[in-house]
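Me: I have a model open on my screen and would like to learn how to read its features. Could you walk me through a few?

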Amino acid sequence: MIPEHAHARPGVLASLAAFLFLALLAWLALRDDGAPAPQPLPRDAPAARFSAGRALEQLETIAQAPRPIASDANRRAREHIVDRLRALGYAPQVQRAVVQKNYVDYNANYETIVGVVHNVLVRVPGSAGGSERQRRPALLLAVHYDSECTTLGAARDAMPVAAALEMLRALRSGAPPANDLLVLFADGERAGSLGMQAFVEQHPWAREVSLALRFDGGDSGGPLILYNTRGANSAAIDGWRRAVPDVRGSSLMHEIHQLAPGALRIGALDRLQVPVLQFANTGLPLDRAGERDTVARLQPATLQHMGSAMLRLARHFGQAPLDPRSGGGQVYFELPFGATVHYSSALVWPLAFFSCLLLGGVSRLAWQRAGMRYTPFLQAAFVVPALAVVLGIGAWQLWMQAPALHRAWNPDAPRHALAYLLGVCALAAALYLVAQRWLQRHTGATAAALAALGALVLVLLLASWLAPSASYLAAWPLLASLACLAALHTDRVTAWPPAARLALLVLGVAPAVMLVPPALRDSFLVLSPQRMNVPVAMLALLLGVSTLLLAAHARRYVARALLLCGLGGLALAGSADDVHEAPAARINQLVYYKDMPSWDAYWLKPAGPLDPWERTLFANLTQPHYFVNVFGWSQPKQWYAWAPRQGLAFPFIRVLRNGKAPDRHADFTLASKNRAPEIRLDVINARAIRATMNGLTLLDKEAKTLKIVVYGMEDATLHFRVDVLSDPIFGVKIEEVVPGLPENLLPPRPAGGVPLIPLSGTSIAADMLWFY
């Protein structure tokens, strides 16, 4: 242990001043949220400025209906983009391409996607000419205009498109950039980033790109953030901070966002092998079904922030020399008052190893100079991690067992949600203090501190391996705390007066106080209370590096005050009113299924409650059942009823050859009389070893299962050949998927009520080919 005279307390006032200073530091870190949200500019704003009012006109036109790949609404949106670009004086081009994407899991289950995409591209020539222009490659700005088919108007996906159109208008009003600017309006993003993949693999402009900026609409509101980076170098990060200091971001929050449902991806742009910066807004979350994704719900301030940032980034990087070298990535994070720290990911492991060495040195000092023994340390090494696990489980159980607190979670008004967070964290901190006092009596303060720091070093090593961009949250607090603990074991620092040693402890905790609370709050708002394990883990990190400070200077009233604060926060959270945001429309879950083997058609609906109109449609059933005659036992229970057969045409198939062993294969053609935008094929009861479509190789290795999805082929004749292993009896299930329902075959719906999202119902024409 540290010598007893080194533990002399400096007095109540000094301890209180130290904790007040740290509280002030945490408050400043939490309060510093960057510049305020920009005010939306009206339609008559100056021509050189981005105007949310003008962009909203484009948004309302594009987001009239969902725009899935290969749909009529997708085509209309593309035509509007092209017409608008021509009206602005640009010369857009449409890239039509066939692109393929393969997925495989650890069990050799393969899925192959083939789609016809239509990208819209425009080039803004730079002012730098000749050899200088060759030294300054092009800047790519990428958005996508397609959407899911189950969102009301797909406003969030249309927002970056509208912002890009208004940005191009404003850019034309100023001086041209020195570098060429390429703007990509990609198709097929929601089908697997097919449009961006087509640009990267097949378009000649892709070879000129030196830096890519991607913009996505994550939700209906909130400020724009730097959501993700890929291969970012120092020049790209510096340019972000100079061009748009009001756009915040950290490499940790990207890792946090990937834990949330519906996480955004950079997609195929990472194949450019150049730095990529992805920007998105993540405020005012949508429901998972997308029923609230409307223009009316979209916050104009978000559109203004996205568009103005897009314009400033285009102007900044349009003039700056671009560094096309793709680095190993950057770790970046913000400090209070707008300061940003960033360094190469190559430093992650050296920092982790240095932390291990420092922990080893501090432990040796504790054994040699403070007389610490192995037994107390081992006891503390077991108790401290177990305590962190107990706190995480307790926070989760609180959410599960106290449904009255669920009312606090309202993304539109986070005051009560933050009160819930404050309550949980205060209670967890109070329990930690009580347990820490008990542990200190049995093991000593130094053993408890080293055990906590040792556990955090293991966390740092795991983070450096699994999530290196998030490692800074553990690395810098650990280094500061370990350095402080090492200094306390030196003769010079031991001789300091108590107030000076207290100041040293405060400095050791200060990095954690600046970094952890903002990350804790932001992760809570992203992951919602159901994932309280992540914020509580961050709280445990803060408490772990503060163990020695709390052991030496936290009075008994601190735990009691935290307990009262926690109960008060939960009481405030429990007093929140129930908030139910009624959707403007709801998803139609009905499916019209026309089945060739049974030569009949059916209405289907997933198991769940029925409204009065649906009860009349499924009057033959009192509860969902397995539809064994059509789907066997592989599908879940569902509602079903017979339907007229006039809704769709059956798939038009010709079997060309049924190959026998040893060349066992199926050879057939397929043409969709329904001009279905999506066609699915599943190989059943066989291991496919090769598959082709019109000569295009879809699979060239053994697969446990094979699924093929084709988009945008319309009525083209598709020639498939599937080779299988051994000599089984196998089948190929074919489904033509068309958005929407044949409403003329349904009984009339009652007037009033919540309307249905257009194209959210599904029509399927199916057939099954068996090869004996």
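Reply: Happily; we will go from the whole chain to single residues. This is a predicted model, so a local feature needs pLDDT of at least 70 and side-chain atom pairs count only at pLDDT 80 or more, while totals for chains, interfaces and linings use all residues. Residues are numbered from 1 along each chain as its sequence is written, and side-chain values use heavy atoms, with hydrogens and water left out.

Me: How many helices and strands does the chain have?

Reply: Helices (H or I, at least four residues) and strands (E, at least two) are DSSP runs numbered from the N terminus. Here there are 21 helices and 21 strands. The radius of gyration, taken over C-alpha atoms, is compared with a globule rule of 2.2 Å times the number of residues to the power 0.38. The chain has 30 Å, close to the 28 Å that the rule gives for 772 residues, so it is as compact as a globular protein of that length.

Me: What share of the residues is buried?

Reply: Buried means under 20% relative accessible area, exposed over 50%, and partly exposed in between (1.4 Å probe, protein chains only). Buried residues make up 56% of the 772 in this chain.

Me: Which residues form the nonpolar patch on the surface?

Reply: A patch takes residues with over 30% relative accessible area and no salt bridge, joining nonpolar side chains (Val, Leu, Ile, Met, Phe, Trp, Tyr) within 5 Å and like charges within 9 Å. A salt bridge is a side-chain nitrogen of Lys or Arg within 4 Å of a carboxyl oxygen of Asp or Glu. Accessible areas come from the Shrake-Rupley method with a 1.4 Å probe, and for residues only the protein chains shown count as cover. Here Trp 349, Phe 353, Leu 462, Trp 465 and Leu 466 join up, with about 600 Å² of accessible area together. Helices α10 (348-369) and α13 (445-466) each give two or more residues, and α13 has the largest share, three. Leu 466 counts as exposed because its relative accessibility is 59%.

Me: Where does a charge sit over a ring?

Reply: The test is NZ of Lys or CZ of Arg within 6 Å of the ring centre and within 35 degrees of the ring normal. The charged end of Arg 123 sits over the ring of Trp 205, 5.1 Å from its centre. Arg 241 lies over the face of Trp 240, at 4.8 Å from the ring centre.

Me: Which residues does the cis peptide bond join?

Reply: Ala 661 and Pro 662, with omega about 5°. Pro 662 is in the loop between β13 (652-659) and β14 (665-671).
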